Amino acid sequence: MELAQILFVSKERSAFDLPSIAELRDWQVETVACGWEALDRVRAGPGPDLVLLELVSHSSESLHTLSWLRRVRPDLPVLVLAGPESAGRRREAIRLGAQDFLLYPLRAGQLETAVRRSFFYYTESGESEILNDEVEPIGDDMFFVAAGPTMRKLRAQAELLAQVSAPVLIMGENGSGKELAA
């Protein structure tokens with residue numbers, strides 16, 4: 001079985017909790033130093049399965065990189081890693097399409113859990129793992145059915161949005177489950 005590939009985009013590798021990268025022993029991790037290198041790597045054919053994007057404080061390059069990555073590969077999960085001084089940029093990162101937003105210092109196993117969760121929601125191969133979690137009871141006679149990859153992605157996005165205080169517009173046809181998603 002081929003190892004999943006993770007692309008780690010980091011200018012300030014010394015600021016990152018390096019033991020956390022060592023936790024990712026089940027995956028092949030490649031490191032690049034800037035957003036342009038990451039974009040070139042993603043465009044160059046069989047790209048990574050996931051991107052870890054370090055948010056550099058006092059710079060907008062990381063968020064621009066996130067935006068470009070989402071345009072080039074909308075299906076590519078991107079996890080944003082940031083220091084405490086960048087915590088206020090969480091809402092913007094989620095709005096731009098980040099799958100998750102983690103703050104340093106990371107707790108033991110936190111990065112590995114976030115990576116596994118991203119693969120869980122974004123891969124078709126996780127079908128057998130998801131079967132027990134396809135139907136989620138929400139309230140009296142209300143259930144969220146996430147049998148397909150699109151619905152699993154929607155549920156993951158809703159979980160992320162629930163962590164942020166921001167207005168959200170939910171649109172869809174009658175009976176599509178807008179109220180349930182809200």
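**Cores, cavity and buried helix faces**

The count comes to one cavity of 30 Å³ or more. The structure is a predicted model. Its largest nonpolar core has 23 residues. Another core, of 15 residues, lies apart from it.

**Cavity**

- The largest cavity has a volume of about 70 Å³.
- Its lining is formed by V9, S10, K11, A33, C34, G35, L53, E54, V56, E61, S62 and T65.
- By type, the lining residues divide into five nonpolar, four polar and three charged.
- Helix 3 gives the largest share of this lining, three residues.
- Strand 3 and helix 3 each supply at least two lining residues.

**Nonpolar cores**

- Within the largest core, L7, V9, V51, L66, V80, A93 and F101 have the most contacts.
- Two or more residues of this core come from each of strand 1 (4–9), helix 2 (35–43), strand 3 (50–55), helix 3 (61–72), strand 4 (78–82) and helix 4 (90–95).
- The other core, of 15 residues, includes F8, W27, L79 and L81.
- In soluble globular proteins, nonpolar side chains tend to be buried together.
- A93 is in contact with L63, L66, V80, A98 and F101, leaving aside neighbours within four places in sequence.
- V9 appears both among the residues with the most contacts in the largest core and in the lining of the largest cavity.

**Helix 2**

- G35, A38, L39, R41 and V42 are buried in helix 2.
- These residues lie on the same side of helix 2, because they cover an arc of only 160° around the axis.
- An α-helix has 3.6 residues a turn, so residues three or four places apart point the same way.
- The buried residues of helix 2 pack against strand 1, strand 2 (27–32) and helix 3.
- Exposed W36 and R43 sit on the face of helix 2 turned away from its buried side.
- G35 is buried in helix 2, and G35 also lines the largest cavity.
- Just after helix 2, G45 takes a positive phi of about 110°.

**S118 in helix 5**

- S118 is placed in helix 5 (residues 110–122).
- S118 has a relative accessible area of 1%, under the 20% cut-off, so S118 counts as buried.
- Not counting residues up to four places away in sequence, S118 touches L50, P77, L79 and Q99.
- One of these contacts, L79, is among the residues of the 15-residue core.

Terms used: Residues numbered from 1 in each chain as written. Predicted model: local features only at pLDDT ≥ 70, side-chain atom pairs only at ≥ 80, totals over all residues. Heavy atoms only, no water. Core = buried A, V, L, I, M, F, W, Y, C linked by side-chain atoms within 4.5 Å. Buried < 20%, exposed > 50% of the residue type's maximum accessible area, 1.4 Å probe, protein only. Helix = DSSP H or I, 4+ residues; strand = E, 2+ residues; numbered from the N terminus. Contact = heavy atoms within 4.5 Å. 1 Å grid on protein atoms, 1.4 Å probe; cavity = no way out; pocket = protein on both sides within 12 Å on 5 of 7 lines; lining within 4 Å. Points joined across faces, edges and corners; volume = space filled by probe spheres on them. Nonpolar A, V, L, I, M, F, W, Y, C, P; charged D, E, K, R; others polar. Arc of directions from axis to C-beta.
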